[in-house]
Structures are given as structure tokens and as C-alpha cells.
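Work through the following exercises with the structure open beside you. Try each task yourself before you read its solution.

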Amino acid sequence: MNLKEFFAVLTLALWCALSAHASVGGDSLRSDGRALRSRGVVESLMRRNPPRLTFRPEAIDADSFKVWQGEMKQAMARLMRHPQAPSAAPRRVDSRQRAGYRIERWESYPIDSAVVPFLVLIPDGVDARHPAPAALCIPGFGQTKELLAGERAGNYSLEGEADTAAIRNTMALDFVKAGIVAVAVDNPSFGELSDDGHADFLETSRFLLECGWSYLGLTSWQDRVILDWMKTQPEMRPDRLIVSGFSLGTEPLMALGLLDDSIYAFVYNDFLCRTRERALTMDRPGDNGARPFPNSIEHLIPEFLLQFDFPDIVAALAPRPVICTEGGLDRDFRIICDAYNIAGAPDNFEWHHYPKFADPANRAPIESMPSGIDRATFFRLANVDPPSHYFKSHLILPWLASHLRD
């Protein structure tokens, strides 16, 4: 984005903020200021109820930071509602040799009615006598464990050769080639967990909400069972476990990060934003007059945004190493840096912007999003370049190498 384009974006955003449709809750012509539209009513409810555990670095020190982290963990545990009953032990069902590594197919049984297959990629030379760091690899929306592992789509039996054409978003394959044991999972309702190939995540989310649970609750529980199993495997170092999430996979990453203090490091491969702010500002009507909704149902967790938002969760991971690879507002990164300074580990947090926004002159220097914007404007102001959304191995692998060096 050049300087002319930047000011055009900023001007558009300011115009939206001042337009008649800028705030749904403020569109009433009544003398008492009450909102007529129901959307305005519920927007005002959210505005009057900010997250309870918002991280405010100016009001916290090292001691109170630990107290706040404990409250964050308790809130996440309550929201995720993980089952208390122990799960059955995972079982290996197949193993194949690939060039430089072995790939194994395993089954997990997180609840008594479920089978959750996952893949384990083990570098040659890694065994119980020579254990290695291990990464739990969580895919993005619509992606599969086979994609992450560089296997052919739908090849659940692992027969034949790997997919030699796969070069992007092969998170697990990239890790194993770097000497890290990689465990690749599916998200619920995708890949092998779909309804005969139909990604039925909307229906799954609906039933889970009807049962008082959530899509993220189920996802993070399935992943947590596998993560706990990883701690018991002799070829995986329990003191060097990594959780790596791409796009949708960053959400279970954040849940696991608060719930499990033993995780060593986190790879956050998506842009970072405040979901609550996105919901309240990205409400400009489209050509048909309808206002958009920022997230579909699989992202919804009742009361989540009354407790915290995404930057708060990443801040609460301090002092453990975290890398964010696809930008967001510098405002949020400064807050997370404050958390790492308070925790005494300023070098353990690293962030990168999309190449399009790597130059600070191309980023919007804003402290809050204007109201009444559309999705494209939100992405531009949040320094997001959707066509460049992919797993950034070129940033992640050197960063991990520096933190895993004993």
C-alpha cells in the first residue's frame, strides 16, 4: 500500500465512522435515545459489558500479573467445559516409512462415543534414547491433517507415496524435516471427521451449543487428550512441547495455552485482533442493506467476550515463547510486549506483519477501529492481506530453532 492508498483507506474509515449508519445503536431518532433496531439493543448490551479480565499493563505488576493469569485460566476452564472422565489411551494402527521420517496413524478416544484419528511424523534417528521436541499441529478452516503432513488428500490408509506437490501449509511436514516430531490433527467436522466428506461444522456447532458446549470446547478437548498423550511418549521431550495453530487452529491453541502450563512454546499463524471490537465495528450494510456478522457459529462460545479477548489470552501466555506471524494492530502487540516485560521475558515474544504491511508507513496508526466499516476496510485497517494467508515456515523454523537450542 502506497501513501496515497493509505490515506484513502483512512479517509474511508473516518467517513464511515461519521456516517448515519456508523453505529447501529445510535441510529434512533427518538428523543430518549433508545434504539429501535434490535441489533442496536444487543450492540449496546455488549458495549456496556466489556471483558472482565482485559489486560491493563498500567494497572498491574509482577505479582498481580500472576494472579490475573490464574483468573484467566479459571475462566477458560469454565468456558471450555472439558469432560472430567478420563479418556481411553490412544492406539497406533499403522506405520509407513517416508524419506527422512516415519509417519504413523493413531486413533484417540476422547469420549466414549468418539474415534479421533491423528498422524505422527517422527524424524529418522529420533527414538526413546534420542528424544526430540514435538509439535501439536492444528489446521485452519477446511484444512486436514493429511495436508499438514504432506500426504495425499483422503489417503487415510497412508498407502503409496506422499503428495510431492504439496508445498504450502504443510506444517507438520515442515516440522519433521527440521528434526521436530510432528503430530497432525483434524478439526471437528473436517477431513476424516466430516460427515462422509461434507464439512458439517455448522450443524456440529449447533448441536454442541444446544448441549451447553461449543465447537471450540470440543476441539480443544480432542486436542488436549492428544497433547497429554504426547507427554507420555518416550521419543517426545515433555519439556519441549509446542502447540502450532494456523488460522482457525489458533483458537484451540489459545485455549490449551491457558489450560496447560507445561506447553513450552506457541506458533500463532494468523492475524491478531480483538473479536469484540470486530463485531462492534464491522457493521456497515452491504448492497442489500443487510449488515454482516463477523464470525460464523463455530467461533461462538457463550460468555467468552465477557471474560477476555484474543490479545488478553496471548498476553497471559507470558513468559513462554510465542510468535505471531501475520500481523494485526501494533496497538495489540505493544500490550503483549508489556506483558512479556512484566513477566521478565521480553525476548520471548516475536511478531511479524504480512509483507504488504511490513513497512510501518503502510500500516494504519490507529488505537481503535472506527465504527460502520465493512469487512474489506476492517482487514485493511487491521493490516491483513488475505491472499498471503499461509503457514509462514520461513519465519517459524528459525525462531523455533533459537528457542529450542539447549
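The exercises below deal with a strand, a helix and some salt bridges.

This is a predicted model, in which local features need pLDDT of at least 70 and side-chain atom pairs count only at pLDDT 80 or more, while totals for chains, interfaces and linings use all residues. Residues are numbered from 1 along each chain as its sequence is written, and side-chain values use heavy atoms, with hydrogens and water left out.

**Exercise 1.** Determine which residues of strand S5 (residues 181-184) are buried on each side, and how S5 pairs with S3 and S4.

*Solution.* Begin with the terms: helices (H or I, at least four residues) and strands (E, at least two) are DSSP runs, numbered from the N terminus, and buried means under 20% relative accessible area, exposed over 50%, and partly exposed in between, with a 1.4 Å probe and protein chains only. In a regular strand the side chains alternate between the two faces of the sheet. In S5, Val181 and Val183 are buried on one side, and Ala182 and Ala184 are buried on the other. Next, consider the pairing, for which DSSP must find at least two bridges between two strands. Strand S3 (residues 116-123) runs antiparallel to S5 and is joined to it by 3 bridges, with Val120 opposite Val183. Strand S4 (residues 132-138) pairs with S5 in the parallel sense over 4 bridges, and there Ala135 stands opposite Ala182.

**Exercise 2.** Find out where the buried residues of helix H3 lie around its axis.

*Solution.* First list the buried residues of H3, which are Phe65, Trp68, Gln69, Met72, Ala75, Met76, Leu79 and Met80. They cover an arc of only 130 degrees around the axis, which puts them on the same side of H3; the arc is that of the directions from the helix axis to the C-beta atoms. Then turn to the other side of H3, where Asp63, Lys66, Val67 and Gln74 are exposed.

**Exercise 3.** Explain which parts of the chain the salt bridge between Arg78 and Glu303 ties together.

*Solution.* Recall that a salt bridge is a side-chain nitrogen of Lys or Arg within 4 Å of a carboxyl oxygen of Asp or Glu. The side chains of Arg78 and Glu303 meet this rule at 3.4 Å, N to O. Arg78 lies in helix H3 and Glu303 in the loop between helix H9 (275-281) and H10, so the pair ties together parts that are 225 residues apart in sequence. Finally, check the exposure: Arg78 is partly exposed, with a relative accessible area of 43%, and Glu303 also counts as partly exposed, at 43% relative accessibility.
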